[in-house]
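Q: Could you take me closely through the enclosed space inside this protein, and then through the parts that surround it? I am new to this structure, so please go step by step.

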Amino acid sequence: MVMQWKKLLSARRLGAAGSVTVQPGRSPFQQDFDRIVFSSSFRKLHDKAQVFPLSDEDNVRTRLTHSMETASIGRSLGAIAGVGICEKLGESRIRPNHIGEIVAAASLAHDIGNPPFGHSGEESIRYWFTHSPVAAELRKHMNSDEIADIDRYEGNAQGFRVLTKLEMPENHGGMQLTCATLGAVAKYPVTSSCKNRPQGVAGKKFNFFHSEKALFEEVAHTCGLLPNGSGDGWCRHPLAYLVEAADDVTYRIVDFEDGHLLNIIEYWELEMLMLKIIGDNGETRERLKLIVDERRRVEMLRAMTLGAVVKQITRTFLEYEDKMLAGELDRPLIELIPSARVLSEIYDISAEKIYTYRRAVEIGVAGYELTNGLLDILVSATEEYVDALKRGEKPEPRSWRLLSLLPASCCQKDNSLWMQSAYCRLQCILDYFTGMTDTHAVSTFKKMKGISLPGMPF
């Protein structure tokens, strides 16, 4: 049994009734891309760190620029691979550029659920949930599946929640993106509590909370994703491998470029490694000698390196297409291309020098304290407020004043699910927190701790 491209490329919109209307010159997948671009969650990525939080250097990438660059690479990967897919399909309604648009839209959205301070933000939420006395009390009122969602908290799952519930919340299915795009977004299509987690790359993390499991089931059914045998997840959509590759390539090459920009990586090291990928035949070196400015040389090397890797990935994708359709490929494409060893070397150097950059680590550590402090304040206020209402008492002034500062979604006393479910209330607080930019998170923490007061010069 294998997955079928005609179902995998479904233009049906999650939650939308009726058939899909295809506008000439603007496919449903291009519309997905546009919906994501114009969403407030996407805009906020401009002030969320890629590697260097709150950087003073205006050329360093943020999550916004990283996502746009990943989408650009994803479009190229999808369109080139799409030529081979369409030749086999013989389907005139699906063109290579449509497949490029699916991968581009999914790549654009791949980090949309990231909390402030990137991966350290995810780690700090997990740390808070397992170490805070406030969280310990909350856990008593949550079931094992709900606890697993927060114990293993994932920006990927929050991203699926943003796309399908938090943006355009009046709609069933949220932004109502096509099932093809939502399937391609899900690099880890399993639950947090999956007991028989699949071996390999698809089981490393998870891509949807239990609160959105039914929505993902709808995506999986529409796209014809194969069950992965665990009873609690599915095999990857083949285009998810291209989304993953676009992300992997972009952050390896571009983070390395940013490392040079901040004088962490020396030029000779960057040139040596990138020339290995490009294939140094002497001509490239001669072109580099004609460029006086070092930054321009780095930009040329980066562009040529990305071009070379895109070609390798698309060839490898088509080579392993049958295994992906059968749900049998358990490795990322970046490990299967000719430049895999060099890219691994670049990653190892980045892990040693860039990802341990002192200022980034200091801000990441401070992010733990910020996360713990904010979540303790907000969650304790919420629980005090709900407990008082359940007892028929008036909530403490601290609780209702704090909650009055938050979005209406964080205090839904007329919603029976919110009133009865500690999991629902915690998710609403995490929706608010993860939606913050880095700067807004710092500002809010200072105000709630009384370190900085509105209108005061300190």
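A: The largest cavity holds about 40 Å³ of space, in what is a predicted model. One cavity of 30 Å³ or more is counted here. Its lining is made by A109, H110, G155, N156, G159, F160, V185 and N207, and helix α9, which covers residues 155–166, gives the largest share of that lining, with four residues.

Following the chain onward from this helix, one comes to the loop between α9 and α10 (179–185), where M168 lies. M168 is not a glycine, yet its phi is positive, at about 50°. Its relative accessibility is 32%, and therefore M168 counts as partly exposed. A positive phi is also found at N263, again a residue other than glycine, with a value near 65°. N263 lies in the loop between α12 and α13 (267–278), and because its relative accessibility is 71%, N263 counts as exposed.

Besides the cavity there is a pocket to consider, and the largest pocket contains about 1100 Å³ of space. It is lined by 41 residues, of which R63, H119, Y251, Y347 and Y355 are the closest to its centre. Two or more lining residues come from each of α4 (63–89), α6 (118–131), α12 (238–261), α17 (340–354) and α18, with α12 giving the most, six residues.

Helix α18, which spans residues 358–390, is also the place of L375. With a relative accessibility of 0%, below the 20% limit for being buried, L375 counts as buried. Leaving out residues up to four places away in sequence, L375 touches I125, W128, S380, I429, L430 and F433. One of these partners, I429, is 54 residues from L375 along the chain, while the C-alpha atoms of the two are separated by 7.7 Å.

Another residue to look at in this part of the sequence is Q427, in helix α21 (residues 422–434). Q427 has a relative accessibility of 7%, so it counts as buried. The side chain of Q427 is joined to that of R161 by a polar contact of 3.5 Å, and, apart from residues up to four places away in sequence, Q427 touches R161, F209, S211 and E212.

The nonpolar interior can be described next. The largest nonpolar core has 89 residues, and those with the most contacts inside it are I36, L163, L239, L242, F256, I313 and F317. Apart from this core lies another of 40 residues, which includes F206, W418, F433 and M436. Returning to the largest core, L239 is in contact with W5, L9, I99, I102, V103, A184 and F317, when its neighbours within four places in sequence are set aside.

Finally, there is helix α15, made of the 26 residues 294–319. At 1.5 Å a residue this helix should span 38 Å, and because its end C-alpha atoms are 38 Å apart, the expected span and the model agree. At the start of α15, a side-chain oxygen of D293 comes to within 3.0 Å of the backbone nitrogen of R295.

How values were computed:
Residues numbered from 1 in each chain as written. Predicted model: local features only at pLDDT ≥ 70, side-chain atom pairs only at ≥ 80, totals over all residues. Heavy atoms only, no water. Expected span 1.5 Å × (residues − 1). Polar contact = N/O pair within 3.5 Å; in protein donor to acceptor, adjacent residues only side chain to side chain. Buried < 20%, exposed > 50% of the residue type's maximum accessible area, 1.4 Å probe, protein only. Contact = heavy atoms within 4.5 Å. Core = buried A, V, L, I, M, F, W, Y, C linked by side-chain atoms within 4.5 Å. 1 Å grid on protein atoms, 1.4 Å probe; cavity = no way out; pocket = protein on both sides within 12 Å on 5 of 7 lines; lining within 4 Å. Points joined across faces, edges and corners; volume = space filled by probe spheres on them.
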